[in-house]
Amino acid sequence: MNIEDLNNALKSKLNYYELKEDQDSYGNLIAWIKLKEKKDIEIVAKTIKAYHGRCIVATCFKNDDDTHSVIYHFDIDGLLVNAQVDTDDKTIHSITSILPSANWAEREIREMYGVEPVGHPCKDRLFLDYSIAKGVLNEYIPFSKISVGISQSDVLWEQVHKGEE
């Protein structure tokens, strides 16, 4: 499997997406897919499954405009595929029924960021006690903002001082 094969498999099923190719310092190929429609993650998952791939993990982050982005990280025999889904209503389409390896990642996204994987078969929490609200990580400053805040602006200290008020 290579990125061209992946692109050809997706082209016939998706109306619109962006695909970028990258390579890490070890020479591993990495595909970055940005989906226009969040339901299209199901097509990507079916394509990954067809090539005997798996979901490694998923990453979620809250954007400055209060929307969320979820990036699924897949592996197909050494080819790393990252597919980004954006949501403005805190829902995504669950792919756990297609790729069971997405189970814990989607549950973690629900628990930590309050983004609901619609159609996910399990409602149990993984880490947090039920007394702690869903989406608790939305209330904290992301490490990426702290890193930028320290070197480029006063973002970090503005947030710290808000807590003192």
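Here is a quick tour of this chain, taking in its confidence, its sheet, its core and one well-covered helix.

What you're looking at is a predicted model. The mean pLDDT of the chain is 87, with 84% of residues at 70 or more. Confidence isn't even along the chain, and the two extremes look like this:

| Element | Residues | Mean pLDDT |
|---|---|---|
| α4 (lowest) | 143–152 | 51 |
| β6 (highest) | 91–93 | 98 |

Where pLDDT is low, the predicted coordinates shouldn't be read in detail.

Now for the sheet. It's an open one, made of 5 strands in the order β1-β2-β5-β4-β3, with mixed pairing. β1 (17–23) and β3 sit at the edges, each pairing on one side only. On average, neighbouring strands are turned by 20° against each other, ignoring direction. β3 and β4 run antiparallel and are joined by 8 bridges; Phe61, for example, has Ser69 in β4 as its bridge partner.

Next, the largest nonpolar core, which has 33 residues. Ile41, Val44, Tyr72, Phe74 and Val81 have the most contacts inside this core. Elements that each supply at least two of its residues include α1 (3–11), α2 (41–50) and β5 (79–87). Looking beyond its sequence neighbours within four places, Tyr72 touches, among others, Ile41, Val57, Val81, Ile92 and Glu106.

Glu106 also takes us to α3, where it is one of the buried residues. This helix lies across β3 and β4, at about 15° to β3. In α3, 8 of the 11 residues are buried, and their cover includes β3, β4, β6 and β7 (116–118). Just after α3 comes Gly114, with a positive phi of about 75°.

Terms used: Residues numbered from 1 in each chain as written. Predicted model: local features only at pLDDT ≥ 70, side-chain atom pairs only at ≥ 80, totals over all residues. Heavy atoms only, no water. pLDDT = per-residue confidence, 0-100. Helix = DSSP H or I, 4+ residues; strand = E, 2+ residues; numbered from the N terminus. Core = buried A, V, L, I, M, F, W, Y, C linked by side-chain atoms within 4.5 Å. Buried < 20%, exposed > 50% of the residue type's maximum accessible area, 1.4 Å probe, protein only. Contact = heavy atoms within 4.5 Å. Pairing = 2+ DSSP bridges. Axes fitted to C-alpha atoms, helices over the stretch in contact; angles between N-to-C directions.
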